[in-house]
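Me: Please take a close look at the largest nonpolar core of this protein. Which residues and which elements build it, and how does the chain around it fit together?

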Amino acid sequence: MYRTFLHSKIRDVRITGTNLEYEGSITIDADYLDRASMLPGEQVDVLNVENGTRLTTYIIKGERGSGIMELNGPAARQGTVGDRIMVLTYAKLTPDEIASHKPVIISVGNSQKGD
């Protein structure tokens with residue numbers, strides 16, 4: 001039996017843009033993706049600290065070093081520029097993998113462009 005656990009989290013990050021006229025997703029700076037062990041196309045949950053919304057979407061790789069964290073398509077209605085968010089991925093683990101599993105958690109904080 002597989003069980004689902006937190007795989008990675010980007011925290012202390014702010015929305016840098018919204019683009020309603022897009023098919024959907026969240027665009028994330030490639031540097032953040034590398035640090036958090038996340039991949040383009042991967043399913044994520046986006047938690048908005050400011051308004052309490054939680055949405056599920058997928059990742060689009062943004063320009064490296066840009067600091068981009070942009071909600072696209074319908075997700076753009078779930079936050080505004082400057083809102084604090086968290087982005088989470090999950091992994092399905094076997095009982096043997098659970099004991100040694102350590103999620104990757106990165107804090108962007110003041111290093112985010114545009115702060």
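Reply: Two residues are in contact when heavy atoms of each lie within 4.5 Å. On that basis, in this predicted model, residues 24 or more positions apart account for 85% of the contacts with a separation of 6 or more. The chain that makes these contacts holds two helices and eight strands, which follow one another in the order β-β-β-α-β-β-β-β-α-β.

The largest nonpolar core comprises 20 residues. Those with the most contacts inside this core are Ile10, Ile26, Ile28, Tyr32, Met69, Ile85 and Val87. At least two core residues come from each of the strands E1 (3-14), E3 (25-29), E4 (43-48), E5 (54-62), E6 (69-72) and E7 (84-93), and the same holds for helix H1 (30-36). Helix H1 provides the largest share, with three residues. In soluble globular proteins, nonpolar side chains tend to be buried together.

As for the protein around this core, 39% of its 115 residues are buried. A compact globule of 115 residues would have a radius of gyration near 13 Å, so the 14 Å of this protein agrees with that expectation. Along the principal axes, the C-alpha atoms fill a box of roughly 45 × 25 × 25 Å.

At the surface, the accessible area comes to about 6,500 Å², and carbon and sulfur atoms contribute 49% of that area. The charged side chains number 13 positive and 15 negative, with the centres of the two sets 6 Å apart.

How values were computed
Residues are numbered from 1 along each chain as its sequence is written. This is a predicted model: local features need pLDDT of at least 70, side-chain atom pairs count only at pLDDT 80 or more; totals for chains, interfaces and linings use all residues. Side-chain values use heavy atoms; hydrogens and water are left out. A nonpolar core is a set of buried Ala, Val, Leu, Ile, Met, Phe, Trp, Tyr and Cys residues joined through side-chain atoms within 4.5 Å. Buried means under 20% relative accessible area, exposed over 50%, partly exposed in between (1.4 Å probe, protein chains only). Helices (H or I, at least four residues) and strands (E, at least two) are DSSP runs, numbered from the N terminus. The radius of gyration is taken over C-alpha atoms; the globule rule is 2.2 Å times the number of residues to the power 0.38. Accessible areas come from the Shrake-Rupley method with a 1.4 Å probe; for residues, only the protein chains shown count as cover. Lys and Arg count as positive and Asp and Glu as negative; His and the chain ends are not counted. The place of a charge is taken as NZ of Lys, CZ of Arg, CG of Asp or CD of Glu.
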